[in-house]
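Here are a few short exercises to work through with the model open beside you. Try each one before reading its solution.

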Amino acid sequence: MSALIETEFADLVLHARGKVRDLYSVGEYLLLVATDRISAFDHVLGSGIPGKGKVLTQLSLFWFDFLKDMVPNHLVTADVNQYPAELREYKDELAGRSMLVKRAQMFPVECVVRGYLSGSGWKDYQATGAVCGIPLAAGLSEGDRLPEPIFTPATKSLDGEHDINIGFNEMVTRVGAQSAERLRSLSLAIYSKASAYAEERGLILADTKFEFGTTAEGIILADEVLTPDSSRFWPRDQHRPGQQQPSFDKQFVRDYLESIRWNKQAPAPALPSEVVARTQQKYLEAYRLLTGKSLSI
Ligand SMILES: Nc1ncnc2c1ncn2[C@@H]1O[C@H](COP(=O)(O)OP(=O)(O)O)[C@@H](O)[C@H]1O
Ligand SMILES: [Mg+2]
């Protein structure tokens, strides 16, 4: 199977293209189509991962359902047979990798929760003894579990810029105190429920990012949820603090890009077929471990 890099639905109104998703306006709703594009170091790479968009979509659907009693979400339907008539002709391309969603006014923050010390959190801790201004005990190692999960918001990057971590006070300035507190408590509650579940399935949810928005009905969970693109999942039985942890995400991709010493400037390189195949396997494995089902792409 080949990777779907970009959709071109001539009769539809393109709303936006993100790094991974193509968004179309469909009446009052949005159609989110997860392509097989993959990004690393804030660039979309020259190769896609066949079926990746289906894994991300199916995993998000799994989690929306799992979390539905805790937080309302943007899903209208992911059943192509229930899509509006104007989408019928694109049914084959849309099946499995798209969702019709409520259009939300997105909060301009990424709601990050960290339960373990990794990535930019680990770098921050080494430099400051804190993560995003939240002081932590001395002597923690890379990959250590934190005494309790922390909420570390970031700005939502606009085209190609890096996300920037912000303190909670800055978030209050951007979204208001009431929303900031609500988003923090929702994010921590979701992390707690999802990480306990993942752990039962043999996976550590080291950290994750949520995006929320508002509709007439109030705050809803939007975007993708608890996928390998938005989260770090680690195999529990291989957890060894004091080093970088093996992970169910773009590890092979990042390792490859480091190995060829790409300068992280556009244009981003293509990937060898071996790296594509192993990455595809990782995404499918994450889906299988988390849901207990295998996905045919
Ligand atoms: N329900 C929604 N209403 C409006 N915008 C949404 C909704 N759900 C997700 N989005 C936005 O759609 C985009 C998803 O595309 P993606 O490729 O993930 O973009 P990005 O490059 O910003 O990560 C994001 O900008 C996200 O904020
Ligand atoms: Mg995104």
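The domain bounds used below come from an automatic or database domain assignment. Keep in mind that this is a predicted model.

**Exercise 1.** Find how far apart the C-alpha centres of domain 1 and domain 2 lie, and describe the side of domain 1 that touches domain 2.

*Solution.* Start with the division of the protein chain: domain 1 covers 1-103 and domain 2 covers 106-238. Their C-alpha centres are 23 Å apart. Next, look at the contact, where 14 residues of domain 1 meet 17 residues of domain 2. On the domain 1 side, helix α1 (residues 52-66) gives the most, with 5 residues. Finally, sort that side by class: 9 nonpolar, 3 polar and 2 charged residues.

**Exercise 2.** Which residues surround ligand 1 most closely, and which strands each supply at least two residues of the shell?

*Solution.* The shell holds 16 residues, and the closest are G18, K19, V20, R21 and A222. Now turn to the strands: β2 (21-26), β7 (98-102) and β14 (203-215) each supply at least two shell residues. Each of the two domains contributes at least three residues. By class, the shell has 7 nonpolar, 3 polar and 6 charged residues.

**Exercise 3.** Work out how helix α4 and helix α5 pack.

*Solution.* Take the geometry first: α4 (residues 168-175) and α5 (residues 177-200) pack at about 125°, with axes 7 Å apart. α4 is therefore oblique to α5, and the crossing is right-handed. Then list the partners: F168, M171, V172 and V175 in α4 meet A177, S179 and A180 in α5. By class, this contact has 6 nonpolar, 1 polar and no charged residues.

Key. Residues numbered from 1 in each chain as written. Chains lettered and ligands numbered in written order. Predicted model: local features only at pLDDT ≥ 70, side-chain atom pairs only at ≥ 80, totals over all residues. Contact = placed C-beta atoms within 7 Å. Helix = DSSP H or I, 4+ residues; strand = E, 2+ residues; numbered from the N terminus. Nonpolar A, V, L, I, M, F, W, Y, C, P; charged D, E, K, R; others polar. Near = placed C-beta within 6 Å. Axes fitted to C-alpha atoms, helices over the stretch in contact; angles between N-to-C directions. Parallel < 35°, antiparallel > 145°, perpendicular 65-115°, else oblique. Left-handed = near helix turned anticlockwise from the far one by under 90°.
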